[in-house]
Amino acid sequence: MMNIIDIIIKKKDQKELTDKEIKYVVEKFTQGNIKDYQMSALLMAIVINGLTDEETISLTKYMVLSGDILNLDNIDNIVDKHSTGGVGDKTTLIVAPIVASCGCKLAKMSGRGLGYTGGTIDKLESIPGFKVSLTKEEFIEEIKNLGMSITSQTENIALADKKIYALRDVTGTTESIPLIASSIMSKKIASGSKKLVLDIKVGEGALIKNISDARKLANLMIKIGKENSMQVVCLLTNMDIPLGNNIGNSLEVLEAINTLYYFPDTNLTRLCSELATQMVSLALDIDYDEAKKRVDETLRSKKAYNKLLAFVNDRNGDITKLPKSKYFYQIKSDKEGYLSELSSLELAKLSMHLGAGRKTKEDSTIDYSAGIIINKNLNDKVKIGDVIITLYTNGEIPQIDKNILFKIAENPNKAYDLIYEIIK
Ligand code: URA
């Protein structure tokens, strides 16, 4: 007879758990027969002592089996993307219409709040009228008709992960490479795509703080993918500064629309172009240069821009009525020089205080119009009195120490590295 106390002690003693033991833990915890305090103890033992790749593969398998599994095998050219969560990360809103315009089928289940800022579903929900949640049938129909669909993740996808993740969030057990890998991959496998591009964010504003952990996570997710007949491509990308200029839900939608229309020379455009190229190459099984040509063409011809409008329209959203906040507040430079640093972490915290993110998981109030626009780009020349960032809110402007948000230096900073590595 198996019992949870023996399993906790085994992991505490740095021993490898068997496939049967992991199955027992996942099933019993999902059914409510292992208590939260027992699961918390096991999770902490895992954070400290780790899991072998085999244990991680077993954990992923049973988390997939704990809920619904979508089968998309009868739709051609299906591809999915996932970001481990970044500040100002609105890439899905830009990349999805690009790849759909290239003939791929983007099937994506997204979440709400990620840390300090909103998730893709919060961003879409900031569009008045937009229906974020589809049935399985509607999801498949939209993929077939439009070439893309983004829906809120159903309660039943990787049910065990949902319960375990909620517990990790409140027990200091989020920062574990095998737990992160199994959590993300279980949801992706259950969502039905066999091809996946992962954007692993690295830096102070991200879950993964250094490149060597990012590499470990990438290789582990690729391995889990292989075990599940899934091809995975990982981009390791910079999250020391925010992605693009806007942080906050409706502000990010606005930036996504502008990026598809004007494709300005920003870190956001560059990353979206790279992600889309990798996705098109993977989904259509064509080489990188050919995929890049197709991606560029959808931007130039405005096909991708029109695809985003068609998608919003299909969901009854009205992009002309994005909410605007009552108050704005400009933060200006009191020095001359160059914008040498922007802190993604501090800007994300400030954005949450302005109302753009949830303070706790249960927090249902989110101000869709709140957020920040960064009015200058990194390394831009700055004069005294220039506006560096503008805050938007319907509430009060919090106390601000601008020195922690950005730095003005005599000289520009070293070259900014956006994409560190691509691992396949
Ligand atoms: N995102 C997830 O879904 N799970 C994790 O563990 C971390 C980020």
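A residue is called buried when its relative accessible area is under 20%, exposed when it is over 50%, and partly exposed in between (1.4 Å probe, protein chains only). The structure is a predicted model, in which local features need pLDDT of at least 70 and side-chain atom pairs count only at pLDDT 80 or more, while totals for chains, interfaces and linings use all residues. Residues are numbered from 1 along each chain as its sequence is written, and side-chain values use heavy atoms, with hydrogens and water left out.

**View 1. Helix α5, residues 91-101, is mostly covered.** Helices (H or I, at least four residues) and strands (E, at least two) are DSSP runs numbered from the N terminus. Of the 11 residues of α5, 11 are buried. They run from T91, T92, L93 and I94 through V95, A96, P97 and I98 to V99, A100 and S101. G103 follows α5 and has a positive phi, near 95°.

**View 2. K123 is a buried lysine in helix α6.** The helix spans residues 120-125. K123 counts as buried because its relative accessibility is 2%. Contact means heavy atoms within 4.5 Å. With neighbours within four places in sequence left aside, K123 is in contact with D89, K90, L93, G118, N249, E252 and V253. Of these partners, L93 is also one of the buried residues of α5.

**View 3. Seven residues, Y165, R168, I180, S183, I184, K187 and L207, surround the ligand.** Each is near the ligand in the sense that one of its heavy atoms lies within 4 Å of the molecule. By class, the shell holds 4 nonpolar, 1 polar and 2 charged residues. Helices α8 (159-170) and α9 (177-190) each supply at least two residues of the shell, and α9 gives the most, with 4.

**View 4. Polar side-chain atoms of R168, S183 and K187 approach the ligand.** A polar contact here is a pair of N or O atoms within 3.5 Å. R168 places a polar side-chain atom 2.8 Å from an oxygen atom of the ligand. For K187, the distance from a polar side-chain atom to a ligand oxygen is 2.4 Å. S183 faces a nitrogen atom of the ligand instead, with a polar side-chain atom at 2.6 Å. The ligand taken alone exposes 230 Å², of which the protein buries 91%.

**View 5. Helix α8 has buried residues A160, D161, I164, L167 and R168.** These residues line one face of the helix, because seen down the axis of α8 they fall within an arc of 135°. The arc is that of the directions from the helix axis to the C-beta atoms. Their cover includes α2 (19-31), α3 (36-49), α4 (53-65) and α9. R168 of this buried set also belongs to the shell around the ligand. Just after α8, G172 takes a positive phi of about 65°.

**View 6. A158 and N316 have positive phi although neither is a glycine.** A158, with a phi of about 45°, sits in the loop between β3 (148-152) and α8. Its relative accessibility is 1%, so A158 counts as buried. N316 has a phi of about 65° and is found in the loop between α14 (303-314) and β7 (327-332). N316 counts as exposed because its relative accessibility is 58%.

Technical notes
A polar contact is a pair of N or O atoms within 3.5 Å; within protein, one must be able to donate a hydrogen and the other to accept it, and residues adjacent in sequence count only if both atoms are side-chain atoms. Accessible areas come from the Shrake-Rupley method with a 1.4 Å probe; for residues, only the protein chains shown count as cover. Ala, Val, Leu, Ile, Met, Phe, Trp, Tyr, Cys and Pro count as nonpolar, Asp, Glu, Lys and Arg as charged, and the others, Gly among them, as polar.
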